Each structure stands twice: as structure tokens, then as C-alpha cells.
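Here is a short tour of a few local features, meant to be read with the model open beside you. Follow along residue by residue if you like.

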Amino acid sequence: MKNSKYFPFERNNYFYGKLLSVDDFRLEQQYGNDKRRMLNRFLYGTGVVTGMNVVGVDDTTILVESGLALDYSGREIVIDEPVARRLQTLEGFSDYEEDRNTGYLYLCIDYEEEETQAVYSISHSDQKENTSFNKIREGYRLYLTRSEPELEGLNCRSLYETTKQVYWDKGIRVWQSMPRFVQGGDRVEIKIEVENMGQQEHFAFSYELELQCLTFEGRPCLTVSFDELLFEKAGRYTVSYYLDALSIKDTQATVSLVPDSFKLRIGQNQTVEKAEAQMSLQIGSRNVREEVRRDYYEKGMEQILKGSSQRIYLAKISLLRVGDVVVINEIEKMPFQQYVAGSFLEDGMIRMLEKCGTGTGMDGSSQEETGMHGRRDAYGVNFAEGTEEIELGTGSAKGKRLFSREISHGLGIGRTTIILSIEGSSSQEEYFGSGGIFRNNLPRVELCAKTDSQRGVFVIGVRVLAAVPQDKLRIHWTAIRDRRELVEEKKEPKIFIRPNVLNLSTRESYFLEAVCSNMNETGVVWQVKDHGGTIDANGMYTAPNTAGVYEVTAVSAAYPEIKASIFVIVREKCEKNF
């Protein structure tokens, strides 16, 4: 039963004396299956429900852990026990062999059935074809592909967010995403996601967007710019801009890429590239959640089912060619976040939100609790702001010193400037500098911030200049990262090791890659401390016989003072993730 259609629903009508045929029994199974699969698709969605984690066993073998998924037709895909496969034996690996320029493949899973238990059948007149199959086993098919998914309808993000591919060439891919709904007068975040798909040289690009019913800093246009030098070398980058929606209702706003405005610079060469991005969002009068809910319920059933041919992408596997051998460089799990949230998880999330507030972070703390809000400009996060309350105690004496907790500003390590202000009697009033200049009830205190550039944290200090009637002080802070310093840091020669953390079993091997940034001489010397295994000149590391944590270091051959290290966690084979 490989059918992916539910309709029409038709079931058997039983009566005494009815002659049942094979078609009747097939209809009985199909009716139950179609009903269940329709509910799976419409009530739960599509993707991995639990498990199916993909890990590397060695440099050519992957392991897919047991798990459950629902495909785009609502059919259940079950991996009942972990399965290991060599990449070369998987269907689709030849796609990589044919196109050496593609440094990755996607691992996908599909629902599949097979007929089992061959039995003799008296219904066949031909003696050569007198065999039928007694059962149908439901299973799955693992395979590799270079094909990209259709972003629309891929996961639940498509309910409230639109994503378009702007550019894909020369080892660089650029996406652009924005909300589907917004209220008049609200701020709109437009995100630019950049993926380096093998481009070795530093690159930068810019393009112009024409805005309708939206403004950026008061203008109906936006210049998007990105420079890889301003980021730590990585595979993916995200840049955000904040637009303002006009105070209007029930209008469609658009964001359009100006033709021939996409300028790409790779190294010292600059070209004008072909790119496109036409996106829209609805400016409404209702709450955004209500708009999403209304839009979903008004969708035709055929719109929800139109993605029935989509695959489930379990992993994106980056590959390297070492001589004639293809090895695994990195495994990115669930690259398109195709998950199904079960009722148990949803119940837990709702309870957490009730406890922590709506702005819950990954650690369970809310933005309202921490008072920290990061902002981004064309070069990523370069300033952050928040609020800190310091208990003064009723009638604090003159000269008393008080200190806040250690605050993480979230901008990373490096030199950071901290600006402090005191909130007045109204949340609309802020006072910078000495509070004694204005004659009001503002407490007379001095403020100071002490930063730790090596840890990315700071502490606020308060000294009382006169008796304070309040029992606490509400201080607003803004942390600013010096962009010029950031540029200089990115120009410094550095070494990065991929991956940055490695888990292996005893005597397992894995290929490590040393990436040299801003260096003419890229040769490195590999070192392993404390007899923690061996590594050859090409970076092929072999774990020792003894479990433990070992440090592997790559030292620049030309500049011995430049080095990088990673830690390898070695476990006994019986502790492997099965």
C-alpha cells in the first residue's frame, strides 16, 4: 500500500451471505490506513517525532539511531534499531562522484514497503508464476541526494515566516527571510542567512532592496551588505535588519531586490551577479498570532497536501577527498529542522512558558528576567542592552558601595564599551551621568562599570553620594562592541580545527582539517599530548586503546606561535551511542 491519496473514503458494507474477495480485504486495510494517515498529516504534521539522530562511526560510515517519523503523506517511518551504513554503499553516492565541485550530500529517509514470505498460489495458471507473497513489511529507504527541498511548507516556520533564496553560485548561497504578518507600526526583522559552501577566499556582497509600505531608518530602501572578514570563519552566518511597518491596516507590503544591484567580491575581484528576491507580508489590524491562525484555517486542503512529494532530510554530510578516498568532514543534523512536536513535548513547553514567561531562552530564563536584548546591524550583533536592579536597602548611607551580579553582555570576548543610565520615576525617563544635576527625587549616586574582555562579562558598581530613600535602583545598560577592533581581529592570522570537538571510540580514526585564516603559508604540524593516539601529516587521527580526553594541536609550520587545539573524547566501544 504505497498510496499517498486519501480520497474517496469507502468502506465495506457487511451483510449475511456476502462473498468477500481480495479486493474487499484490501479495501478494509486501505480505509483504516488512509483515515489514520490523514489525521497524522493534518493534526501532527511532518518530520521526525523522536530519534533518528545521525552520527559518524568512522571517516566513511554513519549511524542512524532508532526513531519515528511521519512523512508528507502521514505514513509512519520506523527505524526499530540503529543502522550503520558506509556512504559508498548508499543510493545516491554517485551524485558526489559525478560532481566533484559539490562538497556535501543530504541523507534522506523515505517510507518504503516490501513483499515478504513467498508462498505457493493456486490462482496462477502459469506454473512459472505460481508464487505470491503472504505479507507486506513496512520499512524505510535511506539514500543520499544533492537535491534541495522546497522551502515553502517544509516545516512549521512557513506558517509565520517566508524564506526565499536570493543567490546561489561560486560556493556561496544567500537566503532572505521575513515574517508573513505584522501589525501596523510594528518593527519587522528581515534576516539574511549566508552559507559558505566551499568558497576558500574571503568574500563580501551587497545588494539593494526596494521597500513598499516599509521603511529602514525612515527611507523606502535598504542596502544589504555582508563581509566575511567581520565574522569568525564558519559555514553559516546570519545578519539581521529591522524595518518599520507603516501605520496602516489590511495592506500588503513588499520587499523587492533591485535588478543588477547584487555585487559580489571574492578576494580582490568584484562582479555583478544575477539575483532575485520578491517577498511580501501582510500588514493587518489583528494580533499576529490571530493572523497566523486565521490564515491556516482558511487554507484549502489541497495547499496542505501539495508537499506530499517532499523528503525528510536527516543530515547534511560535508565530504572531503583525501587522495582517492572520500571521507566525512562534518555532519549537520536535521539541516531543515523537520520535526514534529508530540503532545508530551508540547505540554512540557507550555508548562515551561507558564513558569518562565513568554521570552524563554535556551536555559529556561526569560528575557524579562535577564533584561537583555541583543541588536544586530549589517555586521551581526554589535551592541546589546538590558536592565539590572540593584538592591540599595532602605536609607542607604552616604559613601556606601554596592555591586551587581556578573552580567554577560552576549557580544563575545574583546574590548566593549558600557553605557549606564538610571531610570527615573517614570520608565520614560533616563538619566545619564550624575543624578544630582536635576532637582527631583532621583537618588544621588555614582555609577561605574568594570569589564572583563577575556570573558565577555561586566559588573556595575554604585556609590551612594547622599542618603537614598528608595530600596532599589533600576539601571539600564548598553554594551557596544567596537567594530573597527572587530575588523582588526578578523584580519589577524588564526588557525581553526574542524570539527571543534570530536567523540570517538578506542582505536577509531577521523580526518581533522586545519583551516588557516589570513595566512600565506597554510602548512601545519599536528601534535597529540599525553600519548592520546596518533595523527599523520594529513590530519588523520587515530584514537588510543585507552578511553579518556586528549588534546590535539595544530601548529603553523611558518609561524609556530600560531596554534589551535581541540579535545577528543575517547570512549570504550561498548559506550558508543546506540
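D110 counts as buried in this predicted model, because its relative accessibility is 19% and the cut-off for buried is under 20%. D110 belongs to strand 7, which spans residues 104–120. Its side chain makes a polar contact of 3.0 Å with the side chain of Y143. Y143 also appears among the residues in contact with D110 once neighbours within four places in sequence are set aside, together with I77, G139, Y140, R141 and R311.

Now compare a residue in another accessibility class. F9 is found in the segment before helix 1 (22–44), and F9 counts as partly exposed because its relative accessibility is 30%. F9 joins F7 and M301 in a nonpolar patch on the surface, and together they have about 260 Å² of accessible area.

The two accessibility values sit side by side here:

| Residue | Relative accessibility | Class |
|---|---|---|
| D110 | 19% | buried |
| F9 | 30% | partly exposed |

Further along the chain, how are the strands of the open sheet ordered? The order is 34-38-37, three strands with antiparallel pairing. Strand 34 (509–511) and strand 37 (534–535) are at the edges with a single partner strand each, so each has one side without a neighbour in the sheet. Strand 37 pairs with strand 38 (residues 540–542) over two bridges, in the antiparallel sense. To find your place in strand 38, look for Y541, which stands opposite I535. In general, strands of a sheet pair through backbone hydrogen bonds, in either a parallel or an antiparallel way.

Key: Residues numbered from 1 in each chain as written. Predicted model: local features only at pLDDT ≥ 70, side-chain atom pairs only at ≥ 80, totals over all residues. Heavy atoms only, no water. Patch = residues over 30% accessible without salt bridge, like charges linked within 9 Å, V, L, I, M, F, W, Y side chains within 5 Å. Areas by Shrake-Rupley, 256 points an atom, 1.4 Å probe, with all protein chains shown as cover. Salt bridge = Lys/Arg side-chain N within 4 Å of Asp/Glu carboxyl O. Helix = DSSP H or I, 4+ residues; strand = E, 2+ residues; numbered from the N terminus. Buried < 20%, exposed > 50% of the residue type's maximum accessible area, 1.4 Å probe, protein only. Polar contact = N/O pair within 3.5 Å; in protein donor to acceptor, adjacent residues only side chain to side chain. Contact = heavy atoms within 4.5 Å. Pairing = 2+ DSSP bridges.
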